[in-house]
Amino acid sequence: MRVNADRLWDTLMDMAKIGPGIAGGNNRQTLTDEDGEGRKLFQSWCDQAGLTMGVDTMGNMFFTRPGTDPDALPVYVGSHLDTQPTGGKFDGVLGVLSGLEVVRSMNDLGIKTKHPIVVTNWTNEEGARFAPAMLASGVFAGVHSQDFAYGRKDPEGKTFGDELKRIGWVGDEEVGARKMHAYFEYHIEQGPILEAENKDIGVVTHCQGLWWLEFTLTGREAHTGSTPMNMRVNAGLAMSRIIEMVQAVAMENQPGAVGGVGQVVFSPNSRNVLPGKVVFTVDIRSPDKAKLDRMRAKIEAEAPKIADALGVGCSVEAIGHFEPVTFDPKLVTAVRNAAERLGYSHMNLISGAGHDACWAAKVAPATMVMCPCVGGLSHNEAEDISREWAGAGADVLFHAVVETAEIVE
């Protein structure tokens, strides 16, 4: 039992034509026209595979292949089609389209299963346009309310609810009403470990917990040339010192901890004006909950002291969070056994990034499969994988999903 790796690759490349980036990747941010176009293409492929579509009020898409037992709960498999503004062709998309390829291969081979199989596209996994990340799967799992999600605003002030309606993907299903027998998600690693270790498959046992802390620093706008150094209230300087502190806190908590800043907004953002306001987000992660919470506490305690020493105001808001996740041991074993059965090299892996599987794990047994990506690069238009890597992970996914769904002879 193997998937059609060439067909999977062709499907990935066809989806990549929608929302092309400027440097070979994709810009198909959630609830944009491009997202709507990608959804339509995915729907057409699922229709051709004989799947039945359901869409909930968060725009999550579910395509069902029936099982032989009408009372058996479905095995879900999926990820997301939305991308970062400068995203790659594979982050998320590989998991959705590999789920479709599993079903296509089952059709080719005439495989029947006791449990239905549902291929899923979760809305707004990236969180690039509407924070927080994994928003719709979070509503599905009861982590967020739908009202909270609908009220999220993008940088232009447009709300999630309005944009979901605008692109025509507000479904009629109640979010979270579906029940799962199991959930599988296939993803590129988004890190360098598998490639460095020359392994085909990552057997994902855990997912790091995360805090996103949004800082707002308030200084005083002033001319950079004519304001004496000792008379400045420099919000930019305070930010730089806080970033240094975040680095130090992460290093103090090695191994198994990371921290950094990837988003900064200066105001007024002019070359010769000291910023009167700086907004930036600190991203800290660890698979150890105690360590993660300890890092957050120290950062929130130290940042106001740094700002106060410079006369700068400081406030912080937690805008994203999930606890560390331990994936279901039985499903993890199914993935590992599939890799061994197929002859693929593999290793246990802790996911450094958050995924919809993290929220799915709150409501059902869940796990993940990972394949290498070149240089560990992701959230970048240069993100790349090989056809062989894609196919190997999809083969493992195929075996693990079908085994869990129970083949009917």
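Here are three short exercises on this predicted model, each with a worked solution.

**Exercise 1.** Find the salt-bridge partners of E163 and say where each partner lies.

*Solution.*
- Step 1: Start with R129, which pairs with E163 in a salt bridge whose closest N and O atoms are 2.7 Å apart.
- Step 2: Place both residues. E163 sits in helix α6 (residues 160–166), while R129 belongs to the loop between β5 (117–121) and α4 (135–140), so this pair ties together parts 34 residues apart in sequence.
- Step 3: Turn to R166, which also forms a salt bridge with E163, at 3.1 Å between the closest N and O atoms. E163 and R166 are both in helix α6, three residues apart, or about one turn of the helix.
- Step 4: Widen the view: D33, R129, D154, E163 and R166 are linked in a network of salt bridges.

**Exercise 2.** Decide whether E163 and R166 are buried or partly exposed.

*Solution.*
- Step 1: Recall that buried means under 20% relative accessible area, and exposed means over 50%.
- Step 2: E163 has 7% relative accessibility, so E163 counts as buried. R129 is buried too.
- Step 3: R166 has a relative accessible area of 44%, so R166 is partly exposed.

**Exercise 3.** Work out which helices the salt bridge between K298 and E252 links.

*Solution.*
- Step 1: Look at the side chains of K298 and E252, which meet at 2.9 Å, N to O.
- Step 2: K298 is in helix α9 (residues 289–309) and E252 in helix α8 (residues 235–252); the pair links distant parts of the chain, 46 residues apart.
- Step 3: Add the surroundings: K298 is partly exposed, with a relative accessible area of 35%.

Technical notes: Residues numbered from 1 in each chain as written. Predicted model: local features only at pLDDT ≥ 70, side-chain atom pairs only at ≥ 80, totals over all residues. Heavy atoms only, no water. Salt bridge = Lys/Arg side-chain N within 4 Å of Asp/Glu carboxyl O. Helix = DSSP H or I, 4+ residues; strand = E, 2+ residues; numbered from the N terminus. Buried < 20%, exposed > 50% of the residue type's maximum accessible area, 1.4 Å probe, protein only.
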